[in-house]
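Visitor: I'm new to this one, so could you take me in for a close look at a single part? Pick a chain and tell me how it sits with the rest.

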Amino acid sequence: MSELIIKNLCKHYNENCVICDFSLKVEEKKFLTILGPSGSGKSTLLSIIAGIELPSKGIIKLNNREIYNSLEKINIPPEKRNIGFVFQNYALWPHLNVENHLLFPLKIKKIGKKKMKEKCDLILNLLNLEDKIKSYPYQLSGGEMQRVSLGRALIMEPDLLLLDEPLSNLDALLREKMQNEIKTIQRDLGITTILVTHDQEEARKMSDEVVLLNNGKIEQEGLFDDFISIPKTDFVKKFIKR
Amino acid sequence: MKKIFIILCFLFLSIELISAQGLKENSIGQNYYGEEGKIIAYISGPATMLNLLEEDFESDKGDVLDIVQLGCGPLRQRIWSEAESGSIRADVFWGSDPLLYEALSEKGLLEKYTPKGFDNLSNKFRLDKPYTLVNERYGVIIYNKEKVLSDITSYYDLLNPKYKNQIVHADPSQSSTALALIANLWNLEEESGAYYKKLVENGLFLSKKNSDVPSKIQEGEFILGIAPHDAVWRLKKIAKKKKYETPLEICWPKEGAIAIQRPIAISKNTARFEKNEELARAFVDYLISEKAQKITTSFGFISVLENEKLLKRISADIRVIDINWDDLAKKQVEINEEFEKLF
Amino acid sequence: MKNLKNYFDTYALRGALLLLSFILILFYIYPTVFLFYKGIVNFDYTISNFIVPFINSLKISLGVFFLTSIIGGLLAWIVVKTDFPFKKLVDNFCIIAFAIPPYIIALSWLQIFKRNGYFERFVKIVFHIDDYTSTPYSLFAAIFVLTLHLFPLMYFSIKNSLRNIDPKLEQAAQLAGADNIYVFRKITLSLIKPSIMSTGIFIFSRSLANFSVAALLCLPARIEVSTTLIYSSLTMLDTSKAAFYSLLLVIFSSSLYFMQIYLINKKKKISLKGSIQNRDISILNLNKYKILVVFLVFLFFTLVSIIPSITMLISSFLKRWGLSLLIDHLTLDNYKEIFHYNSKAILAFKNSFLYGGVAAFFATIIALSCSILSHYLSKGYRIFEAIASWPMAIANTILAVAAIFSFNTYPFKFYGTAWGLIFTYMVLFTPIIMNQIISLLKSQDISLFNAARLSGYNKIKSFYKVVFPFLLPGIKSGILVSLMISLREIPISLMLYSTNQETVGVLLFGMQSQSYGLEMTSALSVVIVLIILLANYLNSKIKRGL
């Protein structure tokens, strides 16, 4: 069960808490969006879940396995968490072409060449990248890069997929297209997903549930429509637009 | 990852192995790390001359000599650094003036060896010192014969205002031989340093090395200078060989040319192999033998042997100023400072 | 300290760290400590003697720093940000400029500007001023010559840095209404400041530690600098004094270094976005200014590389420098002599390449290790970087003296063997290579590294697969620079070599013992520069061929 459970997560920078006593449960196959203004700690949260940043304390459990527990001194390194991550700037490697980007996570698993090719073709097909297979990042458009980044994350068959504002660099038309694509893929593959964005429309369109974050604290969580009809705090009222 | 670690270990071990070769330690903790049957010599001088000497010596003894050719300055610095670090690596070293040797002798780092053929030396070269004098050369006036206005005969000719800014001399803070030259002209007049004061007022230019002096005069940058004579001798020879005219000339000043000897010494090391000790001594003997002396005089140096027949000498009526090296060794820092003050 | 366990989860890593520490202590700390012990033990030196020369050294170093920044920066900006047509040519000219040994540039300067030099003769013939004399010796001459030698470093550094800037950062400013100059001042300049500072500190330190140029161009005008003072102390056989003054220089330079690290550290959060996916860097069209800019750039390189090269070339064919340029006075003999010279010329080149190559290899490993520690781990690990850069401010002669002191006795007797030379070169090269690596490391976005980790690769594998390829160009250029240095370096070679270990530097110095003049040194330098150019050409061919 790729369920994500976070308990009492805290992250401090100097005296301030960037994430303050954060607790959350994401059921498997669900699409959750973390919404919030800049500086609310969304990206930090994602980095912490992925394991590329260390929290100050708390417990994170994925797929019934504790990947972080400050009390028990458990900290599984990112490469062993089986989490897929799509970076805001795509983080593509300039010296590898599209094919090698997709094969990269597979090569470390030491599965046969045939199997690697199968999986690669699957993803290429899924993301419409077949004719870009030998291209390098500098030859790709923004949308194509984004898809490569997504493909790289998906080919791992991760327990959890994290998306850090993946569409903010794209134009409106492309963004809409990608939103639909991502949603479709997520539903088809059934991967537990967390999307981070400051775009409310995106949150409303794509997610099953939304968490509104402000200054490291949860203002409200649940269905987006509830944010509009039953805002729990003043901030929610101000932030959410109809 | 493990591969890198292994490689590093391997390198580390090989370093240890290589450096631990041939170490012989004696009772006072001195090391000797030469090969048996081969001695190391640090020598300064014209490369061709050194090659000839090496060939000649080895034609008799075999491949026993490792010569490290150095400039006068680097030789001093290197020997001194080695001395300060605990052991002089060179078995023998042949330098450009006795100052270094006086300093080392004071520290007891030189072996007292009276060479075979000591009696063949002219009287004035028979010293009771732990080093042997091999050659002599003289600080003289060097000038461009096409540009001087009249005959040059004396150091005072350099004070002629017509030659302002046209005079060059090596810097004593960069060259110990230059310091020797200056020290001896320091008391040319009654008042210490007066001569140099006037020279500086006449625009004396300081070059880095003694060998720069004849070069710069030949190249036209300066007209007059004071430096050892042997370089001029060699420059003239080269000009003849390559068929171009050189305007360089030497003047033997009436006040006297300054005699500077080139000594050789054996470094004291009781851990040295017997065979090497013999070889070192043999090399010193060789350098004051007729054969070697002939070679060095063909390069402009003056022989220390008392043998008029075979060897060139400077004309007997030329006046020579001899340096008291002991004295100079004690006063060198003082003179250097006084000299600096003139600028 | 809890986090340490996460970092060193294998024994191999722990062992490697220990080995690195050992190497740093043995080769970088031990000799300097030994040397400075000598300096401090006889502490009765008045610093007053040192003050004026030190200020002169500072003037030179600061002058060189500013001039190289301006020249290097300007050239880099023209090449990266405009549609200047001959970009590759600029790169090549810069390599030539750096390949020419600094004392050759100094000698060219002298040959041109000294009394009876080419410039004076030119003025006399063309302008008929018979009693004109030029004098080449001044503080400015030293600044000028060192700048000409070092500006390529700044050029390449700023060029790489400019290339890595996310164009969006500048575009944003432009869209906000700023004009080009404002964008440059407020945005671009702050983004390239880290490179300017780290290369700048390196250039500053090397100028501080330079002896040959200062001795040639300042001393004759009775302008003393710290290194000439140190050298004359050595000549007076006063090693303690020399060590003491060197100590002062190192303390000063190290303080600057730490200051610079601290200043840059504060701004670490600004991302230069090394993950540039497209090459849409905003290009400025020169339009009507194009011809002017091309002309100025070529004029600059003519003065800087071409004229010294030509004077060097001409002099190499003269029978004797100073002779007028008549056919009778020309000869090929100089070149013949070089390869006949003890027949050691070939051995010398081989040794220089071998020792330089091995030393560069070791230096790369050390530089890489220290850079990784410094960049990826907590601030405390910067001490490794600092120690490895320590030798930057030490004059070559003093490095050699320190090597003699530390490695002439038990238990490390490298002195007298080739290893003595190699290790001293290694210490000399490390800061150069580390400089390249660190600036590249800093300019790559950490997300590329993280993406590899999240794809299943541990820290080491991620580094190797994704960061290391990015560092390779920097490592290559660092090694190339090191090899160039080993081909012309004199003081260390002279002080540490033994029979059959002659390097090209020893050869160069030996030329002068033959009463050869500038014509022989010129000939040998022409050979050296040609070899460097050949090596560089081969290197670029290999890159393309693959």
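Guide: Let's start with confidence in chain B, since this is a predicted model. Confidence there bottoms out in strand β1 (residues 24–25) of chain B, with a mean of 51, and peaks in strand β5 (residues 92–94) of chain B, at 95. Where pLDDT is low, the predicted coordinates shouldn't be read in detail. Taken as a whole, chain B has a mean pLDDT of 85, and 89% of its residues get to 70 or more.

Stay with that high-confidence strand for a moment, because β5 of chain B covers residues 92–94. Val92(B) and Phe93(B) turn up again in the largest nonpolar core, which has 317 residues. Together with Ala41(B), Phe283(B) and Val145(C), they touch the most other members of that core. Now zoom in on Phe283(B): leaving aside residues up to four places away in sequence, Phe283(B) touches Ile39(B), Ala41(B), Phe57(B), Leu65(B) and Val92(B).

You'll have spotted a chain C residue, Val145(C), in that core list. So who does chain B meet over there? In chain C, 51 residues are in contact with 58 residues of chain B. On the chain C side, the elements giving two or more residues are α2 (11–41), α11 (226–235), α17 (396–407), α21 (491–496) and α22 (504–513) of chain C. Sorted by class, that side has 23 nonpolar, 21 polar and seven charged residues.

Having crossed over, have a look at how chain C itself is divided. Its domain assignment gives domain 1 (8–43 + 236–269 + 345–501) and domain 2 (53–227 + 285–316). The C-alpha centres of these two domains of chain C are 26 Å apart, and their contact takes 21 residues from domain 1 and 21 residues from domain 2. On the domain 1 side, α12 (239–266), α18 (418–443) and α20 (459–486) of chain C each give two or more residues. The largest share of that side, seven residues, comes from α12(C). By class, the domain 1 side has twelve nonpolar, seven polar and two charged residues.

How values were computed
Residues numbered from 1 in each chain as written. Chains lettered and ligands numbered in written order. Predicted model: local features only at pLDDT ≥ 70, side-chain atom pairs only at ≥ 80, totals over all residues. Domains from an automatic or database assignment. Contact = placed C-beta atoms within 7 Å. Helix = DSSP H or I, 4+ residues; strand = E, 2+ residues; numbered from the N terminus. Nonpolar A, V, L, I, M, F, W, Y, C, P; charged D, E, K, R; others polar. pLDDT = per-residue confidence, 0-100. Core = buried A, V, L, I, M, F, W, Y, C linked by C-beta atoms within 7 Å. Buried ≥ 20, exposed ≤ 12 C-beta atoms within 10 Å, placed from the backbone.
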